[in-house]
2 protein chains.
Amino acid sequence: MSVLTQDAPDGESAIAQPARQIHIKPSRLQRYIPLLRWLPAYRRADLPQDLIAGVITAIMLVPQSMAYAQLAGLPPQVGLYATILPIAVYALLGTSGQLSVGPAAITSLAVLAGVGALAAPGTPRYLELVVALTFMVGIIKVVLGILRLGMALNFVSAPVLSGFMSAAAIVIMVSQLKHLLGFNVAGKAVHEQLYAAAAHIGETNPATLAIALVSILILLMFKRGSLQTLLEKLGVPPRLRTLTSSLSLFVVLVLGTALTAMLRLDVSLGVKTVGEIPTGLPSLASPSLSLADAGVLAPTAMTIVFIGVVESVSIARALASKHRQRIDPDQELIALGAANLAASLSAAYPVAGGLARSMVNNEAGARTGLASLVTATMMSATLAFLTPLFYYLPQAVLASIVVVAVSGLFDLSEARRLYRLQRSDFLTWLATFIVTLGVNIEAGILTGVVLSLLLFLWRTSRPRVVEIGRIPGTHIFLNVDHHDTETRESVVALRVDESLYFANARYLEDRVLEVVAARATVRHLVLNCSAINSVDTTAIEALHALREELRDAGVELHLASPKRWVLTRLEQAGFIAAVGPDHIHRSMDEAFRAIEARLTISSGQFPHRTKDMAI
Amino acid sequence: MSVLTQDAPDGESAIAQPARQIHIKPSRLQRYIPLLRWLPAYRRADLPQDLIAGVITAIMLVPQSMAYAQLAGLPPQVGLYATILPIAVYALLGTSGQLSVGPAAITSLAVLAGVGALAAPGTPRYLELVVALTFMVGIIKVVLGILRLGMALNFVSAPVLSGFMSAAAIVIMVSQLKHLLGFNVAGKAVHEQLYAAAAHIGETNPATLAIALVSILILLMFKRGSLQTLLEKLGVPPRLRTLTSSLSLFVVLVLGTALTAMLRLDVSLGVKTVGEIPTGLPSLASPSLSLADAGVLAPTAMTIVFIGVVESVSIARALASKHRQRIDPDQELIALGAANLAASLSAAYPVAGGLARSMVNNEAGARTGLASLVTATMMSATLAFLTPLFYYLPQAVLASIVVVAVSGLFDLSEARRLYRLQRSDFLTWLATFIVTLGVNIEAGILTGVVLSLLLFLWRTSRPRVVEIGRIPGTHIFLNVDHHDTETRESVVALRVDESLYFANARYLEDRVLEVVAARATVRHLVLNCSAINSVDTTAIEALHALREELRDAGVELHLASPKRWVLTRLEQAGFIAAVGPDHIHRSMDEAFRAIEARLTISSGQFPHRTKDMAI
């Protein structure tokens with residue numbers, strides 16, 4: 001296993017010699033098919049690592065893909081189908097050498113929730129709709145990528161994602177109750193299922209529950225329990241320890257299946273198993289999508305696109321940076337979209353990058369897309385030869401894999417952190433969480449995105465406007481409320497801490513005029529513009545109005561330290577000419593000196609309105 | 001008329017002695033009922049001006065209110081009813097002494113478009129719905145005002161308002177074709193009406209058209225034509241000249257009515273007249289509003305609230321500032337809401353502040369709400385005694401008043417200006433214009449608001465990130481692309497020109513990592529934060545990720561010139577501790593000096609990665 005640890009202890013080699021430098025002017029074709037970049041430059045030294053990473057990821061993917069398919073209300077082979085063509089296509093088009101594409105927890109939940117509302121899981125119509133949905137997801141991602149609209153996904157803020165994930169984790173865990181307890185739990189909403197489970201708790205199948213509990217225990221032990229501590233004490237390198245999480249899935253799969261098969265628990269104790277899985281690769285078929293179906297599937301498709309891409313790109317970005325590589329979010333959209341199109345061709349369901357799997361892939365040493373190609377080959381072999389072995393695999397084992405996988409998504413400490421740091425972000429988290437849990441996941445994510453945007457807009461619509469004054473003897477101007485400053489009765493200086501645009505232009509105008517209305521002695525108003533990054537036409541109009549209103553009130557407006565682009569825009573709009581070029585100052589200090597000079601010339605008696613200032 | 005001009009030539013007295021200073025700590029009651037502030041402090045000197053302004057505004061309001069009622073598809077008395085209680089209530093609660101509340105052009109159009117889709121104008125059901133709508137408008141405004149949500153109206157940007165007004169002007173003018181031509185023009189959409197008018201142009205009533213053309217000619221002459229030039233040459237003061245626009249409406253009303261009555265044009269030539277108007281004040285009745293009606297009227301109500309308040313507050317603000325007074329937007333919302341509630345009680349229709357009327361009111365010398373009380377009294381007298389005089393008033397005269405009033409709203413030069421200044425604002429104008437004209441006014445304003453917000457968000461989601469370098473021999477750091485700067489191979493300095501929030505945090509992270517990925521020699525990255533006004537939790541997370549990613553790539557992150565609030569937020573989130581307090585610098589200069597010192601200590605050979613920097 002020296003291959004896995006050769007970079008240790010400090011990861012130096014990966015940093016010093018980037019395996020997959022992206023910004024070396026790729027050709028147009030290379031840009032759209034990154035494989036053409038890394039394959040010709042492939043270094044033989046990377047081969048063993050890519051091979052081993054591919055195999056290890058496949059070992060994790062076999063049970064995981066079947067477990068997520070079960071979560072999505074689909075037969076296990078659909079999960080396996082989602083791991084061949086999609087992974088190969090991503091290897092061809094993706095810009096990350098570490099991202100492991102395939103079935104994912106939240107995507108599976110979204111499929112169940114969205115399509116489950118239109119058809120009963122297990123029916124041919126359900127499968128048909130899932131394939132149509134996968135096709136839609138693929139098309140949307142590819143189009144967003146080609147239009148280079150990947151940026152749009154940044155509008156999902158971290159609190160929205162966290163609140164959503166936490167609620168989704170609960171929804172997913174509750175959805176697995178029926179497999180863990182071994183009886184049919186009625187209801188769709190979380191509270192309905194919880195109530196049904198509690199009401200019929202007597203129908204629990206003890207053997208099923210026992211298998212589930214033991215599986216969960218084993219998985220948790222591997223994940224973060226005593227086993228990890230033990231391995232650490234034994235001096236096993238961290239990289240190797242992480243890999244045990246891949247093997248843990250394999251362990252519960254083998255144990256659960258062997259035990260059930262040997263004791264015929266399915267017959268003797270009524271443990272539900274996976275049963276027969278068709279052997280052989282999926283046959284390709286072009287998906288059909290009616291306009292009516294597209295309409296009803298659209299919200300689900302958008303949710304899957306948002307969540308899938310936000311998660312995948314976050315993972316890919318984090319892993320790439322460890323190797324001093326860059327991923328291209330728009331190309332990632334295209335690659336993920338193509339992977340989903342491939343999934344729809346092979347009668348599979350939507351795929352995305354999986355966090356745990358990608359971590360394992362990376363830790364196992366994946367350097368390029370070759371690792372993914374190896375994984376895809378392994379999965380083909382599994383489908384071609386090994387599916388009969390899964391006949392006795394208990395559904396409870398798969399449910400346990402799902403439950404442990406998503407248990408880490410529930411993150412109440414993040415909510416506490418947000419509450420402490422920023423109330424508005426906490427509010428967003430909470431609203432997303434509640435709506436996701438109480439209504440559905442599409443409504444949850446929509447609520448979160450819209451609310452976070454509204455809160456941002458509301459914040460920017462009420463910019464901080466502080467009065468500033470000179471710190472005596474310096475050129476520094478600071479908040480008069482927090483510092484001892486020099487001020488003059490006839491001059492007031494304000495600093496605006498926000499770019500000016502339509503939503504706050506009026507507010508600024510109001511605030512400034514309020515200050516002036518409250519001080520009859522003011523004759524000059526200096527606006528410090530150093531924190532104003534842009535102005536739009538509404539803001540310029542407000543500035544024009546402000547200037548006129550101030551003039552009518554006998555007050556002159558000055559601007560200090562405007563940025564170059566702001567100044568250019570103001571000039572084009574005629575504002576500089578209107579206010580007078582001598583009223584624009586490069587710094588607060590220059591503004592004050594210019595005003596002092598004028599006050600001294602015009603009149604010695606103060607406060608006295610002189611003709612030249614009243615206009 | 002010396003009273004009207006006594007402030008001339010420079011408006012000195014109004015400025016030196018504010019008539020209605022608002023910010024002198026009013027009591028709670030005085031805040032909600034501004035009349036309690038200005039009435040006890042009323043100066044006898046203001047009385048003649050307020051009286052004359054009230055009378056002159058009433059002279060304008062009589063024909064205008066009937067004209068706008070006709071535009072709204074309502075009988076003329078409904079317009080007159082809207083001028084008594086609503087005006088009196090506004091005088092009690094409003095914070096502007098100049099704003100003239102009453103029927104307004106766009107509001108009238110919105111009533112016709114919104115309620116006209118639910119019931120035929122002229123039917124009792126139409127009137128019932130209009131009163132219910134008025135009640136809703138009042139409630140919404142009052143609630144917004146009490147919740148102090150007046151700020152929400154700032155989200156209507158100037159381009160949206162301008163595009164909307166321009167389209168509305170066309171819609172209004174086309175809607176008046178039937179009155180101007182004297183035959184029934186079928187259709188609701190603009191293009192339908194234009195087509196119908198053209199197809200049946202032979203049915204035009206020549207006498208009606210003649211009356212309309214002469215009226216329009218007279219009105220335009222008074223407004224901006226040769227008469228104004230003549231008066232100017234004769235040395236008539238500008239204030240007095242503006243008042244002629246009030247009288248012009250009265251002139252066409254008297255001329256048109258007298259001519260029609262004397263020649264019995266209604267009988268001889270088929271000129272349609274206003275006919276019988278019920279004499280007497282409106283009887284008060286509480287409006288009824290069913291939940292179903294509220295649902296269908298909601299979009300229209302919201303449109304009227306938005307447009308009415310945005311316009312009214314703009315006018316009030318502009319006029320108040322001329323007198324160095326301040327208006328309180330939230331109190332204005334309450335006052336306008338109460339005025340609409342009063343309108344719904346007196347079987348009238350929605351009211352708002354009118355631009356032309358308020359200008360006249362102001363020019364005529366209105367100082368306080370007393371002017372409005374005088375207007376309301378005059379209107380009561382009109383309704384009580386004068387309505388029989390309007391029997392022969394041709395509808396074409398009223399239509400002419402509407403057409404001339406709104407002709408100034410169409411503003412193509414604004415569109416040209418926006419095109420030149422800012423493409424995104426032009427796009428907003430155009431979209432609002434097209435949708436208002438082609439679909440309807442609710443869709444138009446909604447399109448404009450949503451589009452302008454999305455464009456703003458899109459802009460802020462891609463902040464300017466510029467590389468800066470030291471201007472040799474100074475402490476000034478400027479854009480390396482525009483200036484000759486000193487740079488060092490191992491250090492890169494970036495300035496971000498935007499506050500950091502969820503929509504741009506990832507983008508910044510990408511941009512920074514791109515720069516680092518492209519330069520293998522970089523060991524220190526300095527982020528200039530002077531233009532960052534705020535950071536949210538997503539941005540802090542991105543900064544954390546950025547720091548880790550840079551660390552993994554052997555690059556240290558430094559922050560220079562962060563603002564106090566940003567620093568506090570970063571500290572609370574543990575970022576300062578993570579990045580190291582010695583990596584936060586008060587200025588770019590200090591940052592560079594600190595880095596230089598470390599580079600010199602750690603190694604003479606450059607570029608060579610030293611252990612302490614790789615971490």
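B:S561 sits in the loop between β7 (556-560) and α27 (564-572) of chain B, where helices (H or I, at least four residues) and strands (E, at least two) are DSSP runs numbered from the N terminus. This is a predicted model, in which local features need pLDDT of at least 70, side-chain atom pairs count only at pLDDT 80 or more, and totals for chains, interfaces and linings use all residues. Residues are numbered from 1 along each chain as its sequence is written, chains are lettered from A and ligands numbered from 1 in the order in which they are written, and side-chain values use heavy atoms, with hydrogens and water left out.

Back to that loop serine. Most residues other than glycine have a negative phi. B:S561, however, has a phi near 50°, a positive value in a residue other than glycine. B:S561 is also buried, with a relative accessible area of 18%; buried means under 20%, exposed over 50%, and partly exposed in between (1.4 Å probe, protein chains only). In chain A, A:S561 has a positive phi of about 50° as well, although A:S561 is not a glycine. Its place is the loop between β7 (556-560) and α27 (564-572) of chain A.

How do the two chains relate? Two copies of a chain are related by a rotation about an axis and a shift along it. Here, chain B lands on chain A after a rotation of 180° with 0.0 Å of shift along the axis, with an RMSD of 0.1 Å. That is the relation of a two-fold axis. The fit is by least squares on the C-alpha atoms of residues with pLDDT of at least 70 in both copies. Which residue of chain B comes closest to the rotation axis? B:A531 does, with its C-alpha at 2.5 Å. As for the interface, 100% of the interface residues of chain B are also interface residues in chain A, so the copies meet through the same surface. Contact, here and below, means heavy atoms within 4.5 Å.

Next come the charged pairs. Side chains of opposite charge can pair when their charged atoms come close. The structure holds 42 salt bridges over all chains, each being a side-chain nitrogen of Lys or Arg within 4 Å of a carboxyl oxygen of Asp or Glu. One of them joins A:R506 to A:E509, with the closest N and O atoms 3.3 Å apart. These two residues are separated by about one helical turn, because A:R506 and A:E509 are 3 residues apart in helix α25 (residues 502-518) of chain A. Their surroundings differ: A:R506 is partly exposed at 27% relative accessible area, while A:E509 is buried at 1%.

Another salt bridge brings together the side chains of B:R519 and B:E467 (2.6 Å, N to O). This pair links distant parts of the chain, 52 residues apart: B:R519 is in the loop between α25 (502-518) and β6 (524-528) of chain B, and B:E467 is in strand β3 (residues 465-470) of chain B. B:R519 is partly exposed, at 31%, whereas B:E467 counts as buried, at 18%. A further pair is B:D497 and B:R495, whose side chains meet in a salt bridge (2.9 Å, N to O). Both B:D497 and B:R495 are buried. Elsewhere, salt bridges that share partners join A:R464, A:R495, A:D497 and B:K563 into one network.

What about the helices? B:S248 lies in helix α15 (residues 238-263) of chain B and is buried, at 2% relative accessible area. Not counting residues up to four places away in sequence, B:S248 touches B:L219 and B:F222. In chain A, A:V449 belongs to helix α24 (residues 441-460) and counts as buried at 14%. With the same sequence neighbours left out (up to four places away), A:V449 touches A:F155, A:V156 and A:V160. A:V449 and A:P287 are 162 residues apart in sequence and 31 Å apart in space, C-alpha to C-alpha.

Finally, the cysteines. A disulfide is a covalent bond between the sulfur atoms of two cysteines. With the cut-off set at a pair of cysteine sulfur atoms within 2.5 Å, the count comes to 0 disulfides over all chains. A:C529 counts as buried at 4% relative accessibility, and B:C529 counts as buried at 5%.
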